[in-house]
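Student: I would like a close look at one part of this model, with the surroundings described as far as they help. Please give the answer in one piece.

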Amino acid sequence: MIRFKPGAPRGVPPRFLSRLRSLAVPTAWSAVAVAHRLTCPLARDDAPGARLVSSAVLCAVGTGIVLHIRRRMLREVRHARRIAETAQSVLLRPPPPRVDGLAVAAVHLSADPGARIGGDLYEVTATEHGVRAVIGDVRGHGIGAVGTGAAVLGSFREAAHDEEDLAGVLRRLERAMDRHLRERVHSERGMGDGAPAAEEFVTVLLLEILPDGEVHALNCGHPWPHRLTGAGAEPLAPADPLPPLGPFPLPGELPTAACGRLLPGDILVLHTDGAEEARDADGRFFPLRDVLAEAARERPRTPQAVLRTVLTALLDHSVGPPKDDVALLILRNERCSPPTRQPRGVTRSATADR
């Protein structure tokens, strides 16, 4: 349905009027040049001074047209940038600074210089089942991976609240990924951007942090996070990961991995493989664990401080922006003390009567 602006001639689309107005200034400058050529006596005079004046007029006309086009292109670039920033804030929105007693910090670096979003994804939210977080990495980077990331994130934002356990959340993500791949097969016909649908996959790590600090995880081919304590940094790798979402179906049994407790003051650092695989000029990988161990000894040990330390070291190591997308999600337990958990089937009043 075409809508018309007030005062616009009926039957003329507003976009056409906008383009017509954008041509008004170049047309006016061109008319000045033609009028000068046809009516000004200096334009027909072969004297050096007259030729110099005519050349100056034509140069001024050309400069005016170029400057007008440049201003219009800059306006369009700024408008496209605002749209990209809005899309980023909707797709990969910044997390709140605190989520149910956990301090949070996150960052995403796109490897595509023409994009502000890419194939890495993260989210953290408080639910009635505990704080749930996801971090993932779509095959490839840049604009081609945005659609897959959007499908996985959209599914997680609903399933995290609806499903009672992490296995149910992961099943929902798998179904969302399957739907997305089927839609890509129908739409691209082998001509879409990025990887073909048959080769598309996404690694995903799901975390659940209960009120007492107990951490549960399901890992589909993603790097395990690191836990930062007063003693240093240690990888949280309690089990072999499942296959990534996309190429193969998940097994029938999805046992949740128990990752111990996140004590008050402890920090979890979730990351994508772009942080581990960043290389320097000599081809050496980024020493992420050593940098995290250094960050664990610094004070204050806040998510923002850890994030700043890792980013500074990463950019120094890779001598500029990384060659792959990088996402970091950092969670710090700022709860005073873990609440006691009641045994199943025993009510609070019955416990108090003993």
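Student: Is cysteine 259 buried or exposed, and what is its relative accessible area?

Tutor: In this predicted model, cysteine 259 is buried, at a relative accessible area of 5%. Cysteine 220 is buried too, with a value of 0%. With a disulfide taken as two cysteine sulfur atoms within 2.5 Å, the count is 0.

Next to cysteine 220 in the sequence is asparagine 219, a residue of strand S6, which covers residues 214-220. Asparagine 219 counts as buried because its relative accessibility is 3%. Its side chain makes polar approaches to the backbone just ahead: the backbone nitrogen of histidine 222 is reached at 2.8 Å, and a polar atom of the side chain lies 3.4 Å from the backbone nitrogen of glycine 221. Beyond four places in sequence, the contacts of asparagine 219 are Val204, Leu205, Trp224, Pro241 and Leu242.

Now the sheet. An open sheet of 6 strands runs in the order S1-S2-S11-S10-S7-S8, with antiparallel pairing. Strands S1 (98-99) and S8 (232-235) each have a single partner, so each stands at an edge with one side lacking a neighbour in the sheet. S1 is joined to S2 by 2 bridges, and the two run antiparallel; arginine 98 stands opposite alanine 103 of S2.

Strand S2 spans residues 102-109 and holds valine 107. Valine 107 is classed as buried because its relative accessibility is 17%, and the cut-off for buried is under 20%. Setting aside residues up to four places away in sequence, valine 107 touches Tyr122, Leu307, Leu311, Val326, Ala327 and Leu328. Although 223 residues separate valine 107 from isoleucine 330 along the chain, their C-alpha atoms are 9.1 Å apart.

Two helices lie across strands of this sheet. Helix H9 (residues 303-318) crosses S2, S7, S10 and S11 (326-333), at about 20 degrees to S2. Helix H8 (residues 288-297) lies across S7 (226-229), S8 and S10 (267-271), and its angle to S7 is about 25 degrees.

One further helix can be added. H5, residues 146-162, has 17 residues and spans 25 Å from first to last C-alpha, close to the expected 24 Å. Among its buried residues are Val146, Gly149, Val152, Leu153, Phe156, Ala159 and Ala160. In general, an α-helix has 3.6 residues a turn, so residues three or four places apart point the same way.

Definitions and conventions. Residues numbered from 1 in each chain as written. Predicted model: local features only at pLDDT ≥ 70, side-chain atom pairs only at ≥ 80, totals over all residues. Heavy atoms only, no water. Helix = DSSP H or I, 4+ residues; strand = E, 2+ residues; numbered from the N terminus. Buried < 20%, exposed > 50% of the residue type's maximum accessible area, 1.4 Å probe, protein only. Polar contact = N/O pair within 3.5 Å; in protein donor to acceptor, adjacent residues only side chain to side chain. Contact = heavy atoms within 4.5 Å. Expected span 1.5 Å × (residues − 1). Pairing = 2+ DSSP bridges. Axes fitted to C-alpha atoms, helices over the stretch in contact; angles between N-to-C directions.
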